[in-house]
Amino acid sequence: MTQQLTIRQPDDWHLHLRDGVMLESVVGASAAHFRRAIIMPNLVPPVVTEKDAVAYSQRIREALQSSGTDAAFTPLMTLYLTEQTDANDVVSAAANGVIQAVKLYPAGATTNSASGVTSIDKVMPVLEAMAAHNIVLCMHGEITRSEVDIFDREKVFIDDVLEPLRKRLPELRIVLEHVTTSHGVDFVKAQSSGMGATITPHHLVLNRNHMLVGGIRPHYYCLPIIKREEHRQALVSAATSDDKRFFLGTDSAPHTANTKENACGCAGVFNAINTMSTLAQVFDDANALDKLEQFASVNGPHFYQLDTNEAQMTLEKQDEPVTFAQQIDAGSQHVVVFDPGQPLYWRVASVSA
Ligand code: DOR
Ligand code: ZN
């Protein structure tokens, strides 16, 4: 008999939808599976004010319509924290229900992060206002000092920036976005409250050998960079452990193929299409299918203090590997779909209305 698994409909707590043609090209893939998503603000120019977030949210709704998507999908907006951010604007955006969180990019850490933060001191008044108003901070947790090796950037960030910030402002609720190391997992586990972490599907199935042995695979290049196998295993343990502090954030981040297959390729993996199949396979292989709902559909709303979804998703295990489109069109260009590098036997069979 076909094996089935029905869970509350999942949400994506970290998603890049971009803008314009790219937005129209990718939004349907996320809406087909996820009921809500935290939308990253690293557009060019970034989403920095309440007014920007209102306008971007409207463009996402229009793109849903023009791309013919009829699925219910709620974008949960974020603001991009800069050293000029006005605390009153952040508080107003949250009070008006326009935003769900604020995103901190260390300046220069990743795609479109040039307007990010060079020193926590410079944004302390905003962070204090956020703590006072219970507004979540999403953190890209990588140090950008040039002398720090790229594989150590998460660990050094945690030790030099995140830990001191937790001590200085323990009431501020923080998500360590796309955690990639055992150090990050251990740090989050040591925090009794106010701290969560998202985990991506690609960091659950890949280690750095997948990216670098036998040829360089630009479509696996993302930030934080994929780490050693022992770190991947720590992530799988955290995701499948029932620990409420860990939840799904796909970090689906489309770039056109020509900008990734390039002498200086962009960071980002477009995985919205096969995230749920990848996750079900990871949880199945770990004998933890009963924990998938916690990770994908329950722990995120719990951290963000929102209700879980009423709708349900049914996944089905097939005898043959599931096939996916290898690429999608984005105007005159195309985006390569994430290759999980192993057969996936689970497919999304249905999502209830
Ligand atoms: O790989 C990544 N791509 N990591 C990020 O932090 C940003 C993202 C993007 O926007 O392309
Ligand atoms: Zn991201």
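**Figure 1. The loop that holds Pro224, in a predicted model.** Pro224 is found in the loop that runs between helix 8 (208-212) and helix 9 (229-239). The structure shown here and in the other views is a predicted model. The peptide bond that leads from Leu223 to Pro224 is cis, and its omega is near 0°. Leu223 also takes part in the surroundings of ligand 1, as one of the closest residues.

**Figure 2. The surroundings of ligand 1.** Ligand 1 is surrounded by 14 residues, of which the closest are Arg18, Asn42, Thr110, Leu223 and His255. In the side chain of Arg18, an N or O atom is 2.7 Å from an oxygen atom of the ligand. His255 places a polar side-chain atom 2.7 Å from an oxygen atom of ligand 1. Leu223 contributes through its backbone: an N or O atom there lies 2.7 Å from a nitrogen atom of ligand 1.

**Figure 3. The backbone at Arg18.** Arg18 belongs to the loop between strand 2 and helix 1 (20-33). Although Arg18 is not a glycine, its phi is positive, at about 60°. The side chain of Arg18 has an N or O atom 2.7 Å from an oxygen atom of ligand 1.

**Figure 4. The open sheet of eight strands.** The strands of this sheet follow the order 2-3-4-5-6-7-8-9, and their pairing is parallel. Strand 2 (12-15) and strand 9 (246-248) are at the edges; each has a single partner strand, so one side of each has no neighbour in the sheet. From one strand to the next, the twist averages 30°. Within the sheet, strand 3 (residues 36-39) and strand 4 (residues 74-80) run parallel and are joined by four bridges. Ile38 stands opposite Leu76, which is in strand 4. Helix 3 (residues 87-95) packs on this sheet and touches strand 4 and strand 5 (99-104), with a direction at about 145° to that of strand 5. Strands of a sheet pair through backbone hydrogen bonds, in either a parallel or an antiparallel arrangement.

**Figure 5. Helix 12 across the strands.** Helix 12 lies across strand 2, strand 3, strand 5, strand 6 (136-139), strand 7 (174-176), strand 8 (195-199) and strand 9. Relative to strand 9, helix 12 runs at about 115°.

**Figure 6. The loop that holds Pro45.** Pro45 lies in the loop between strand 3 and helix 2 (50-66). The peptide bond from Val44 to Pro45 is cis, and its omega is near -5°.

**Figure 7. The contact of helix 11 with helix 12.** The axes of helix 11 (residues 275-285) and helix 12 (residues 292-304) come within 9 Å and cross at roughly 140°. The two helices, helix 11 and helix 12, are therefore oblique to each other. Helix 11 makes the contact with Met276, Leu279, Ala280 and Phe283, while helix 12 makes it with Leu292, Phe295 and Ala296. By class, this contact of helix 11 with helix 12 has seven nonpolar residues, no polar residues and no charged residues.

**Figure 8. The open sheet of three strands.** This sheet has the strand order 1-10-13, with antiparallel pairing. At its edges stand strand 1 (3-8) and strand 13 (346-351); each has a single partner strand, so one side of each is left without a neighbour in the sheet. On average, and with direction ignored, neighbouring strands of this sheet are turned by 25° against each other. Five bridges connect strand 10 (residues 312-317) with strand 13 in the antiparallel sense. Met313 has Val351 of strand 13 as its bridge partner. Helix 11 packs on the sheet, where it touches strand 1, strand 10 and strand 13, and its direction makes about 120° with that of strand 13.

**Figure 9. The hairpin of strand 11 and strand 12.** Strand 11 (residues 327-330) and strand 12 (residues 333-336) are paired in the antiparallel sense over four bridges. Asp329 stands opposite His334, a residue of strand 12. Strand 11 and strand 12 form a hairpin with two residues between them. In the turn, Gly331 has a positive phi of about 65°.

Definitions and conventions
Residues numbered from 1 in each chain as written. Chains lettered and ligands numbered in written order. Predicted model: local features only at pLDDT ≥ 70, side-chain atom pairs only at ≥ 80, totals over all residues. Heavy atoms only, no water. Axes fitted to C-alpha atoms, helices over the stretch in contact; angles between N-to-C directions. Parallel < 35°, antiparallel > 145°, perpendicular 65-115°, else oblique. Contact = heavy atoms within 4.5 Å. Nonpolar A, V, L, I, M, F, W, Y, C, P; charged D, E, K, R; others polar. Pairing = 2+ DSSP bridges. Near = heavy atom within 4 Å. Polar contact = N/O pair within 3.5 Å; in protein donor to acceptor, adjacent residues only side chain to side chain.
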